[in-house]
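User: I should like to study this structure through a series of questions and reasoned answers. Please examine it with me step by step.

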Amino acid sequence: MADLGDRKKAMEDQYFQDAERSIKLKSRMDRLLAQWIAGLIGRDDVAGYGAEITDARFKGGGDAGVLSKAISDLQAAGQNVSEQDVAAKMSEFLVEAAGQP
């Protein structure tokens, strides 16, 4: 029985480590995306905009919420960037974020 308990504990620990890694990875991707979009829309407060992107992730349903906010902000600033272009940048930034420590 102790082996089963140890195994269960190890699986739980692995699950939480994986979840933490995923959250950190998405956070790094969001920061990169915020920097890119802030440059396009002429926003100087990149950290503040990054917080807005993070809020969109947690309030708006993950990547879909971030994508929706990004598109909305770009359109409001008069930038003609397609949803596909923003999604491609998100994928690019995810790969870049994965390479960061």
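The following exchange considers helices, the nonpolar core and charged pairs in a predicted model.

User: How many Å does helix α2 reach from its first C-alpha to its last?

Analyst: Helix α2 covers residues 46-59, which gives it 14 residues. At 1.5 Å a residue, the expected value is 20 Å. The model is close to this expectation, and the distance that α2 reaches is 20 Å.

User: Which residues of α2 are buried, and which are exposed on the other side?

Analyst: A residue counts as buried under 20% relative accessible area and as exposed over 50%. By this standard Tyr-49, Gly-50, Ile-53, Ala-56 and Arg-57 are the buried residues of α2. They lie on the same side of the helix because they cover an arc of only 115 degrees around its axis. On the other side of α2, the exposed residues are Ala-47, Phe-58 and Lys-59.

User: Which residue just after α2 takes a positive phi?

Analyst: The place to look is just after the end of α2. There, a phi of about 95 degrees is found, and the residue that takes this positive value is Gly-61.

User: Why do the buried residues of α4 line one face of the helix?

Analyst: The buried residues of α4 are Val-86, Met-90, Phe-93 and Ala-97. An α-helix has 3.6 residues a turn, so residues three or four places apart point the same way. On the other side of α4, Gln-84, Val-95 and Ala-98 are exposed. Seen down the axis of α4, the buried residues line one face because they fall within an arc of 70 degrees.

User: Which helix supplies the largest share of the largest nonpolar core?

Analyst: This core has 18 residues, and those with the most contacts inside it are Leu-33, Ile-37, Tyr-49, Val-86 and Met-90. The helices α1 (2-41), α2, α3 (63-76) and α4 (83-98) each supply at least two of its residues. The largest share is six residues, and the helix that supplies them is α1.

User: Which residues are in contact with Met-90, leaving aside its neighbours within four places in sequence?

Analyst: Met-90 is one of the buried residues of α4. Met-90 is also among the residues with the most contacts inside the largest nonpolar core. With neighbours within four places in sequence left aside, its contacts are Met-29, Leu-33, Asp-63, Val-66 and Leu-67.

User: How many Å separate the closest N and O atoms of Asp-18 and Arg-21?

Analyst: Both residues lie in helix α1, where they are three residues apart, about one turn of the helix. Asp-18 counts as partly exposed because its relative accessibility is 37%. Asp-18 and Arg-21 form a salt bridge, and their closest N and O atoms are apart by 2.8 Å.

User: Which residue forms a salt bridge with Arg-43?

Analyst: Arg-43 is partly exposed, with a relative accessible area of 27%. In its salt bridge the closest N and O atoms are 2.7 Å apart. The partner of Arg-43 is Glu-52.

User: How many residues apart are Lys-69 and Glu-52, whose side chains meet in a salt bridge?

Analyst: The side chains of Lys-69 and Glu-52 meet at 3.2 Å, N to O. Lys-69 is in helix α3 and Glu-52 in helix α2, and the pair links distant parts of the chain. Their separation in residues is 17.

User: How many salt bridges are found in the whole structure?

Analyst: Salt bridges that share partners join Lys-26, Asp-30, Arg-57 and Asp-63 into one network. A search of the whole structure extends the view beyond this network, and the number of salt bridges found is ten.

Definitions and conventions. Residues numbered from 1 in each chain as written. Predicted model: local features only at pLDDT ≥ 70, side-chain atom pairs only at ≥ 80, totals over all residues. Heavy atoms only, no water. Helix = DSSP H or I, 4+ residues; strand = E, 2+ residues; numbered from the N terminus. Expected span 1.5 Å × (residues − 1). Buried < 20%, exposed > 50% of the residue type's maximum accessible area, 1.4 Å probe, protein only. Arc of directions from axis to C-beta. Core = buried A, V, L, I, M, F, W, Y, C linked by side-chain atoms within 4.5 Å. Contact = heavy atoms within 4.5 Å. Salt bridge = Lys/Arg side-chain N within 4 Å of Asp/Glu carboxyl O.
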